[in-house]
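Please work through the following exercises with the sequence and the model at hand. Each task is followed by a solution in steps.

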Amino acid sequence: MTVYNSLHQHLKLYSDRQIDWIYYNLQFQDRPSHFEHRKNALGRFANESDHNLKLLGDLGAESERYLVSDHDLEWFDKDDQRQMRWLSHFSYHSNAKENGRHIFNYMRRTETFFRDFVLTVDLWDAAISEKLRFIADAKRVWGSIIQDDNRLSWINHGDEEQIQWAWEYLSRQIDLGNTRPIDHSERVLCLLEVFDCWEEHLAELRELQNKMRKAWSQQKYRAGLNGRKQSTFVLSVTAKTQLHALSRVRNVNLHQMLESIIRKEFESDPSAKKLLK
């Protein structure tokens, strides 16, 4: 039997996840990073003897006891960078252990992160029920994060000025470590990651978000003054009533009416002009 026939006739019976599970449980010394290399290695292994072929079949059947279904994983979106960043944090801080060792300790946030995540769960020497509880817990936590997005609806992800302001605001309020976003897109992801992966009390996060929103409102207000300065005056009831009447007749707001009156009086008074020279 050729290697090709071995691959065609035997490995086609298994999913990619089963092939990986079989490969790593055979404990080959060589650990190629590419899936196709691992698949070809199994093909050659199966082609060597009937014993190897039978072992392959036994492991294929055993793998079903360890692999959760694709259906249980379909809510993950490997193309959602925000979710993958959160999943990296969630996994690292989970209680998923094997022989006292945390199974996600050595995972890195790379382009293959989600594939590595699924492989780690598959190889985890734990009952299916425990793996399903882990995945269900992750789904619950992520769902609550998404539901809370309405609290951040005031943040416009496409507004580079606002995102830059928000990141600088956070950097003054909390320790962001060595995080240095290189562009606008990454800055948005880093900003959301701060909230998604918050480890302190939820009340503290709410307080931070509320303060941040108020600070942004004040920022916009100050920017909108455009050469104006806020002032407070105490007017008599009669003067305020007259100001309201004038503003309605002229179809302007109160501060525009007041500015118009002051400007007119100033232009007609040479003494006042001299004071500003």
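The exercises below concern a predicted model.

**Exercise 1.** Determine whether Ala41 is buried or exposed, and state which helix holds Ala41.

*Solution.* Begin with the secondary structure: Ala41 belongs to helix H3, which covers residues 35-48. Next, take the relative accessibility of Ala41, which is 15%. The cut-off for buried is under 20%. Ala41 is therefore classed as buried. Finally, consider Phe28: 13 residues separate Phe28 from Ala41 in sequence, and their C-alpha atoms lie 9.2 Å apart.

**Exercise 2.** Classify the packing of H3 against helix H4 and describe the residues in contact.

*Solution.* Helix H4 comprises residues 50-63, and its axis is 5 Å from that of H3, at an angle of about 130°. Because of this angle, H3 is oblique to H4. On the H3 side, the contact involves Leu42, Phe45, Ala46 and Glu48; H4 contributes Asn52, Leu53, Leu55 and Leu56. By class, the residues of this contact are six nonpolar, one polar and one charged.

**Exercise 3.** Identify which members of the largest nonpolar core touch the most other members, and which helices supply at least two residues each.

*Solution.* The core has 25 residues, and those touching the most other members are Phe76, Trp86, Leu87, Phe104, Phe117 and Phe134. Helices H6 (81-92), H7 (113-123) and H8 (128-147) each supply at least two residues. Now examine Trp86: leaving aside residues up to four places away in sequence, Trp86 touches Trp75, Ala138, Val141, Trp142, Ile145, Asp196 and Cys197. Apart from this core lies another, of 21 residues, including Leu152, Ala166, Val194 and Leu205.

Definitions and conventions: Residues are numbered from 1 along each chain as its sequence is written. This is a predicted model: local features need pLDDT of at least 70, side-chain atom pairs count only at pLDDT 80 or more; totals for chains, interfaces and linings use all residues. Side-chain values use heavy atoms; hydrogens and water are left out. Helices (H or I, at least four residues) and strands (E, at least two) are DSSP runs, numbered from the N terminus. Buried means under 20% relative accessible area, exposed over 50%, partly exposed in between (1.4 Å probe, protein chains only). Axes are lines fitted to C-alpha atoms, for helices over the stretch in contact, and angles run from 0 to 180 degrees between N-to-C directions. Angles under 35 degrees count as roughly parallel, over 145 as roughly antiparallel, 65 to 115 as roughly perpendicular and the rest as oblique. Contact means heavy atoms within 4.5 Å. Ala, Val, Leu, Ile, Met, Phe, Trp, Tyr, Cys and Pro count as nonpolar, Asp, Glu, Lys and Arg as charged, and the others, Gly among them, as polar. A nonpolar core is a set of buried Ala, Val, Leu, Ile, Met, Phe, Trp, Tyr and Cys residues joined through side-chain atoms within 4.5 Å.
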